[in-house]
Amino acid sequence: MAFLTDEKLLIVGAGGAIGSNMAQTALMLGLTPNICLYDIYGPGVNGVAEEMYHCAFEGANITWTTDPEVAFSGASYIISSGGAPRKEGMTREDLLKGNCQIAAEFGDLIKKYCPEVKHVVVIFNPADVTALTALIHSGLKPNQLTSLAALDSTRLQEAIAAACGVQQCKVKNARTYGGHGEAMAVFASKITVDGKPLAEFNISDEKWAEIKHDTVQGGSKIIKLRGRSSFQSPAYQSVKMIEAAMGGAPFTWPAGCYVNCDKCGLKNVFMAMPTTIDSTGVHFTAPEGTAEEMAALQASYEHLCKMREEIITLGIIPAVEDWKKENPNL
């Protein structure tokens, strides 16, 4: 089997459902034969490794460990789902303190054992602030670390496709920006459906409110339907993100990235933007939309700033003016 690279891919939280799906997806896509599965729960990660062995992927070199030094040392690429999952009735923000503490430890491990890592994807909620925390603690450059935000846009794409009665791939430019949470900003003004502007489909205000609700609450819907947080879609999208960083096809769905942009008035936050991930890292441009869309983005940004201040107050990250002491690349 031909692989994209032979460099080490570390999957953190590999004993869980998302982690195990990431391992299988990475091998099925032929990213690298050298995959290390890491989790603090030994029986779970051992079981995932056994499952991968039983798949008999040609040329695979799958290892597993509960030792962070073994896991992180020599890693060129990392995807982490190593936080607590969301349960029914919880918002992403409800996970703030515990998962940001995990993110701080995660960043510290990167700085200690694999400071030469090329790209890191963080997918545990609330992803905007867990990723920010990991970036500050890791010492990495901003273009080297991204968070999963694409699911909000793919959920918007699905909801519009259903409303217009078309195949999902016929919906283009369905995008959400800002926070990966209850305050995300939905951008619809550039959407086309089967080549036609969305406005031509005359979606009622009531239906549009339903579409926005289904987009924002897409993760909650999965929990209600399946009795657990989603795992297949975040696993697939995060592996596609790391594939792009490895030199595969660029990833063009919105990704969470570090934003400190005077031009767009968004500073010192991690948020979903119009992005491209490729072998040189993540690159973003300023969102463009209607006055209403830009106002929603500003509100989302302000919500993220409040969450940032909360983890500063908790002592998980330092005050903004002290970030450079922790990470000179910021």
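Which residues line the second largest cavity? The lining consists of Asp 128, Val 129, Leu 132, Val 269, Phe 270, Leu 304 and Arg 308. The structure is a predicted model, in which local features need pLDDT of at least 70 and side-chain atom pairs count only at pLDDT 80 or more, while totals for chains, interfaces and linings use all residues. Residues are numbered from 1 along each chain as its sequence is written, and side-chain values use heavy atoms, with hydrogens and water left out.

## Cavities and pockets

On a 1 Å grid over the protein atoms alone, a cavity is a set of points where a 1.4 Å probe fits but cannot get out, and a pocket is an open set with protein on both sides within 12 Å along at least five of seven lines; lining residues have an atom within 4 Å of a point. Grid points are joined across faces, edges and corners, and a volume is the space filled by probe spheres set on the points.

Two cavities of 30 Å³ or more are present, and the second largest has a volume of about 30 Å³. Helix H5 (127–138), strand S13 (266–273) and helix H10 (291–313) each contribute at least two residues to its lining; helices (H or I, at least four residues) and strands (E, at least two) are DSSP runs, numbered from the N terminus. The largest share, three residues, comes from H5.

The second largest pocket encloses about 380 Å³ of space. Its lining comprises 18 residues, of which Arg 155, Glu 158, Gly 218, Lys 221 and Ile 222 lie nearest the centre. H6, helix H8 (218–226) and helix H9 (232–245) each supply at least two lining residues, and H6 gives the most, with six.

The table sets out the two linings by class, where Ala, Val, Leu, Ile, Met, Phe, Trp, Tyr, Cys and Pro count as nonpolar, Asp, Glu, Lys and Arg as charged, and the others, Gly among them, as polar.

| Lining | Nonpolar | Polar | Charged |
|---|---|---|---|
| Second largest cavity | five residues | no residues | two residues |
| Second largest pocket | six residues | seven residues | five residues |

## Helices H6 and H2

Helix H6 (residues 150–164) has 15 residues and should span 21 Å at 1.5 Å a residue, which agrees with the 21 Å between its end C-alpha atoms; the expected span is 1.5 Å times one less than the number of residues. H6 is mostly covered, with twelve of its 15 residues buried, where buried means under 20% relative accessible area, exposed over 50%, and partly exposed in between (1.4 Å probe, protein chains only). Among the buried residues of H6 are Arg 155, Leu 156, Ile 160 and Cys 164. Gly 165 follows H6 with a positive phi, near 70 degrees.

Helix H2 (residues 42–55) has 14 residues and reaches 20 Å from its first C-alpha to its last, close to the 20 Å expected at 1.5 Å a residue. Its buried residues are Gly 42, Gly 44, Val 45, Val 48, Ala 49 and Met 52. They pack against H1, strand S2 (34–38) and strand S3 (61–65). An α-helix has 3.6 residues a turn, so residues three or four places apart point the same way. Just after H2, Ala 56 takes a positive phi of about 60 degrees.

## Individual residues

Ser 20 belongs to helix H1 (residues 17–28). Ser 20 counts as buried because its relative accessible area is 19%. Leaving aside neighbours within four places in sequence, Ser 20 is in contact (heavy atoms within 4.5 Å) with Ala 14, Val 48 and Met 52.

Trp 208 lies in helix H7 (residues 205–216) and counts as partly exposed because its relative accessibility is 22%. Beyond neighbours within four places in sequence, its contacts are Leu 156, Ile 160, Val 186, Ala 188, Leu 198 and Ile 203. The C-alpha atoms of Trp 208 and Ser 220, twelve residues apart along the chain, are separated by 19 Å.

Gly 281 is placed in strand S15 (residues 281–284) and is buried, with a relative accessible area of 5%. Its C-alpha atom is separated by 7.0 Å from that of His 119, although the two residues are 162 residues apart along the chain. Not counting residues up to four places away in sequence, Gly 281 touches His 119, Asn 143 and Thr 276.

## Cysteines

The structure holds zero disulfides, a disulfide being a pair of cysteine sulfur atoms within 2.5 Å. For Cys 100, the nearest cysteine sulfur, that of Cys 305, is 15 Å away. Cys 100 counts as buried at 0% relative accessibility, whereas Cys 264 counts as partly exposed at 22%.
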